[in-house]
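This report walks through one protein model, from its sheet to its helices, cores and rings. Please keep the structure in view while reading.

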Amino acid sequence: MKTLYDHRLKELAFASTDPYQLIKGFGVPVSTAAAWTKNKPRKVVTFENLDVSKTELIKDINKLQLECKQLTALLELYKSINDIFGFSIKWQRLPSAADKELVLKMIKKTASITGLKKSLATISLSSSRYHSWVKRDLSCNLNDYKTCPKFNPMKLTAAELTKMKDFVTSADYAHYPLTTLAKKIKRSGQLICSPSTWSRMVKRHGWKRPRRRVYPTKPKIGVRANAPNEIWHVDVTEVNLLEGGKAYVQSVVDNYSRYTIAWKVSEHKTGCQTKDLLLEALEKASNSNPKILPEVFVDGGSENFNQFVSKLVNLGKLTLTNAQIDVKFSNSIIEANFRSLKYNCLYNVPLQNINTVRQLTDFYYSEQNSKMPHSAFKGATPEEMYRGLWSEEIAAELKEKSRAAIKNRISFHQSLNCNKCLS
């Protein structure tokens, strides 16, 4: 039978001046070694790990053995949970304390080999749920602590909490924002903890800053119409294009229903375009109510105050009101309309050119008008409010569905119990 030798022996022999002495301990005949010195070794395709040193091979073996041990432990944990409970415990309850204790023991055993994070991920158990179970099993004989302080040794002490409360409620620091106050006290060394901890403690204990506002607040409710087509809002917003340049979106929004009556996307903003847009809105609105005279709220721009729009005012088709100049209210309704258009639609798509903006704007306003319920109308869409299609019966039906869903939810949770539940 022909003897096969490692290719590395041949390479050593070819490179050595005394090959036999070099490979003496490998049982290679002298004639074979001499032949190796004369003939250049052929190229051999081999696994690269065969060329590493013995130390590196041992390291790799130990690493693989550890991985095998960890995988075996995880597999045993998974099989044990599945054999005992027959399901994944991620979305299931374990009301029995004995079951929880059994799961905790198996996790503890596996975690000593693989680590806690991998063990919990294998059985789809969240870390918060695991620690909640562990915390329940801890008992503490300290009367002034609700839970064992050793379980959460990083928590603030009672003295530190007292200090924090004094700083938060002190009039000397009333003008400090909470984050700034936390950093100042930390620099002084009086209390070392993060601003997020300050915020959490203030919220948990309900501490109040010694501040009392005397400056009058800004009105939160602007001008409100009592019927469709009574008040309109007109404005224009710009959008940057990837090809360069800008696209201008101009629209007319009804105050009462938030219905976008007309809109236009163009490369420029001019007074003539505002006039055309208003005429389009007047034509659409006159189909349902021919005798309308809307009060149009606009910002003080040249696209709104010009000879073209003034002609419409002089003809008695509408009245023009400059927001925050003629009245104290702003044009916030249409600003909110543009914000919704941009952040819910336009900004989520590459805007290559003006045609893309035009198509997306047409799509979004059509959806917003007829399919998207507005938060101000308890489930009604702007079109239903604008055309008078919404009724109290529909609103009452929605309320009844909500009550039924709450009852079903309560009955489901009340049907769940454990052996120790007293409720």
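A polar contact is a pair of N or O atoms within 3.5 Å; within protein, one atom must be able to donate a hydrogen and the other to accept it. That definition is needed below for a threonine in the sheet.

## Overview

The model is predicted. The protein has 16 helices and five strands. It comprises 423 residues, of which 31% count as buried. Take the contacts with a separation of 6 or more: 57% of them join residues 24 or more positions apart.

## The sheet

How are the five strands ordered in the sheet? The order is E3-E2-E1-E4-E5, in an open sheet with mixed pairing. E3 and E5 (319–322) are the edge strands, and each pairs on one side only. From one strand to the next, the twist averages 20°. Strands of a sheet pair through backbone hydrogen bonds, either parallel or antiparallel.

Both senses occur here. E1 (residues 231–240) and E4 (residues 295–298) run parallel, joined by three bridges. Trp232 stands opposite Val296 in E4. E2 and E3 pair in the antiparallel sense, over six bridges. Val249 stands opposite Val265 in E3. E2 and E3 also form a hairpin with five residues between the strands. In this hairpin, Arg258 takes a positive phi near 60°.

## Strand E3 and Thr260

Is E3 enclosed or open to its surroundings? Six of its seven residues are buried, so E3 is largely enclosed by the rest of the structure. E3 is nonetheless an edge strand of the sheet. Two helices lie across it. Helix H13 (residues 332–344) lies across E1, E2 (246–254) and E3, running at about 35° to E1. Helix H14 (residues 354–370) lies across E2 and E3, at about 170° to E3.

Thr260 is found in E3, which spans residues 260–266. Thr260 has 0% relative accessibility and therefore counts as buried, the cut-off being under 20%. What does the side chain of Thr260 meet in a polar contact? The partner is the side chain of Asn337, at 3.1 Å. That distance lies within the 3.5 Å limit for a polar contact. Leaving aside residues up to four places away in sequence, Thr260 touches Ser251, Val252, Val253, Asn337, Tyr365, Gln368 and Asn369.

## Nonpolar cores

In soluble globular proteins, nonpolar side chains tend to be buried together. Here the largest nonpolar core has 19 residues. Leu346, Leu351 and Val357 have the most contacts inside it. E2, E3, H13 and H14 each give two or more residues to this core. H14 supplies the largest share, five residues.

Another core, of 18 residues, lies apart from that one. Among its residues are Val234, Ala281, Val296 and Val298. Val296 is also the residue opposite Trp232 in the pairing of E1 and E4.

Which residues does Val357 touch, not counting residues up to four places away in sequence? They are Leu241, Ala247, Val249, Val265, Leu346 and Leu351. Two of these, Val249 and Val265, stand opposite each other in the sheet.

## Aromatic pairs

A pair of aromatic rings is described by the distance of the centres and the angle of the planes. The structure holds seven aromatic pairs. The rings of Tyr343 and Tyr347 have centres 5.1 Å apart and planes at 80°, so this pair is edge-to-face. Tyr343 is exposed, with a relative accessible area of 54%. Tyr347 counts as partly exposed, at 42% relative accessibility.

Tyr364 and Tyr365 make a tilted pair, 6.4 Å centre to centre with 55° between the planes. Both of these tyrosines are buried. Tyr365 is also one of the residues that Thr260 touches. Elsewhere, ring pairs link Phe167, Tyr173, Tyr176 and Trp198 into a cluster.

## A second threonine

Thr110 lies in helix H5 (residues 97–114). Is Thr110 buried or exposed? Its relative accessibility is 6%, so Thr110 counts as buried. Residues up to four places away in sequence aside, Thr110 touches Ala73, Leu74, Leu77, Gly115 and Ser119.

How values were computed. Residues numbered from 1 in each chain as written. Predicted model: local features only at pLDDT ≥ 70, side-chain atom pairs only at ≥ 80, totals over all residues. Heavy atoms only, no water. Helix = DSSP H or I, 4+ residues; strand = E, 2+ residues; numbered from the N terminus. Buried < 20%, exposed > 50% of the residue type's maximum accessible area, 1.4 Å probe, protein only. Contact = heavy atoms within 4.5 Å. Pairing = 2+ DSSP bridges. Axes fitted to C-alpha atoms, helices over the stretch in contact; angles between N-to-C directions. Core = buried A, V, L, I, M, F, W, Y, C linked by side-chain atoms within 4.5 Å. Phe/Tyr/Trp six-rings, centres within 6.5 Å; stacked < 30°, edge-to-face > 60°.
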